[in-house]
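Here is a short report on one protein model. Look at the sequence and the fold before reading on.

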Amino acid sequence: MAKTIVANIMPEETRMAILEDGELMEVAVERSESGHLVGNIYKGRIANILPGMQAAFIDIGWDKNAFLYIGDIFLPTKHNGSGGNGFLSVGQEIIVQIAKDAIGSKGPRATTHLTLPGRYVVLMPTVNYIGVSRRINDEAERERLRQIAERIRPPEMGIIVRTVAAGKNEEDFRRDLEYLVSTWQSLAARAKRAKAPVLLYRDVDLVIRIVRDYLSADVDEFFLDDRDAFSRVRDLLSFISPELESRVKLYEGRDDIFTHFGIEAELNKLQKRRVDLKCGGYIIIDNTEALTVIDVNTGKFVGQTNLADTVFKTNLEAAAEIARQLRLRDIGGIIIIDFIDMDSDEHKQALLEALNAALKKDRTKTNVVGLTGLGLVEMTRKKARQNITSVMYAECPCCQGLGRVYSPETVAINIKRQLRKLAKDPSTARSLILQVTPRIAQVLTRPGELERLEQETCCSIKIEAIDSMGGENYLILAGKD
């Protein structure tokens, strides 16, 4: 499988796309103005404690307080002198790391389980633990990496060996770990001096995170369209992974890099609920704040043998596309999939296996629970950052995010109701101007409609059709008597 990373870098925004065999599979966007919070470490102050929710709100100096659940609280005496496990008080200073960005009306979620990610290892300075990435399947390699981690890790600290570390030697680990330990020591020293709330550690920008988290041996090419970023990446790789340096390339084409690779057109599809399948079927994706529902339909696909075979083939193609859309739109939380009903237990099992296989490519943790009694597939996907649609799109000012607006007939009735109410007020002008959209104007000017309304309200009403008005908007103005 050919794998390509494409980075579009502007002063205001950095965009990253991952292509697998030419197909867009993953997108990330980071705005210079807002940046991201996940991974940042703060010395905060406890602003409020809610015993009923077993949680606290932490002032981190941001516009929203961070939410800290009791299960994410561990205060080792060694590192911050607080001692204990979850004993908090209002006004207390505490070191936290952001685990989830602010999403919707919710503030960012924090944890006291601190981690500092490097290229090959993740340092956990407050816990005594060794772990190896589950994506490394070879048991002999896992054991070799575990032994290296045991030899090099600092006393009373933890290490997680990352997937990209497979095949690396002990010296690679040591260089990575030395930098992380040095970062932790600087962070801890600043925490003792600084007054809360204060930022102690900011995670690296998206360009460097691409190198740290995405650029591995299975990536064939990494294109960037900014010379400074290209130089930064090459310099970093010459130190940590020189074997990958030649795969980084500067794009100097005339077209925008996302347009050149066909990414821009794919991004424009992300706002659509409907995703067409190659077989002629389609899926519908609907989101709420914590739940996503995906519906599968056969559409134009009629198959070639029988109904069961047609349904099964549609569901299999839908499973692969759903796994892609989850990555592409970065959908998290609870996900319910309504595949087309199947009678065969063999087909049901094969579908679940196909979905799980497609999800293995996803770096984000997923869990397929299985089929419910109603035949729905339940699954979860970890949510950490604002997804691509949240960054790119704002709530529609016409429908306030509902996806629907009142029909012209409904608005016309509402206008008549308002006019009748105004007519009862003696102070209301007897000559009125009604500004509406052309579609609503058509409803109000149907034969006899306006005459009856004027007679009923005892008002002279002039209707003006305004092309620039929104679908539900209208104005009632006083005219000249």
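Which elements do the buried residues of α9 pack against? They pack against α8 (307–329), β19 (333–338), β20 (366–371) and β21 (377–381). The model is predicted: local features need pLDDT of at least 70, side-chain atom pairs count only at pLDDT 80 or more, and totals for chains, interfaces and linings use all residues. Residues are numbered from 1 along each chain as its sequence is written, and side-chain values use heavy atoms, with hydrogens and water left out.

**Helix α9**

Helices (H or I, at least four residues) and strands (E, at least two) are DSSP runs, numbered from the N terminus. Helix α9 covers residues 345–359, which makes 15 residues. From first C-alpha to last, α9 reaches 21 Å, close to the 21 Å expected at 1.5 Å a residue. The expected span is 1.5 Å times one less than the number of residues.

Leu 351, Leu 352, Leu 355, Ala 358 and Leu 359 are buried in α9. They cover an arc of only 130° around the axis, which puts them on the same side of α9. The arc is taken from the directions from the helix axis to the C-beta atoms. Buried means under 20% relative accessible area, exposed over 50%, and partly exposed in between (1.4 Å probe, protein chains only). An α-helix has 3.6 residues a turn, so residues three or four places apart point the same way.

At the start of α9, a side-chain oxygen of Ser 344 comes to within 3.2 Å of the backbone nitrogen of Glu 346.

**Thr 292**

Thr 292 sits in strand β18 (residues 291–297). Is Thr 292 buried or exposed? Thr 292 counts as buried, because its relative accessibility is 3%. Its side chain makes a polar contact with the side chain of Asn 287 (3.0 Å). A polar contact is a pair of N or O atoms within 3.5 Å; within protein, one must be able to donate a hydrogen and the other to accept it, and residues adjacent in sequence count only if both atoms are side-chain atoms. Leaving aside residues up to four places away in sequence, Thr 292 touches several residues, including Ile 285, Ile 331 and Ile 336. Contact means heavy atoms within 4.5 Å.

**Two open sheets**

One open sheet has 5 strands in the order β3-β2-β1-β14-β15, with mixed pairing. Its edge strands are β3 and β15 (248–250), and each pairs on one side only. Two strands pair if DSSP finds at least two bridges between them. Another open sheet has 3 strands in the order β23-β22-β24, also with mixed pairing. Here the edge strands are β23 (460–465) and β24 (475–478).

Three strand pairs are listed here.

| Pair | Sense | Bridges | Facing residues |
|---|---|---|---|
| β2 (residues 13–20) and β3 | antiparallel | 8 bridges | Ala 17 and Val 27 |
| β1 (residues 3–9) and β14 (residues 221–224) | parallel | 4 bridges | Ala 7 and Leu 224 |
| β22 (residues 431–436) and β24 | antiparallel | 4 bridges | Gln 435 and Leu 475 |

β2 and β3 form a hairpin with 2 residues between them. Asp 21 in the turn has a positive phi of about 55°. In strand β3 (residues 23–31), 7 of the 9 residues are buried, so β3 is largely enclosed by the rest of the structure.
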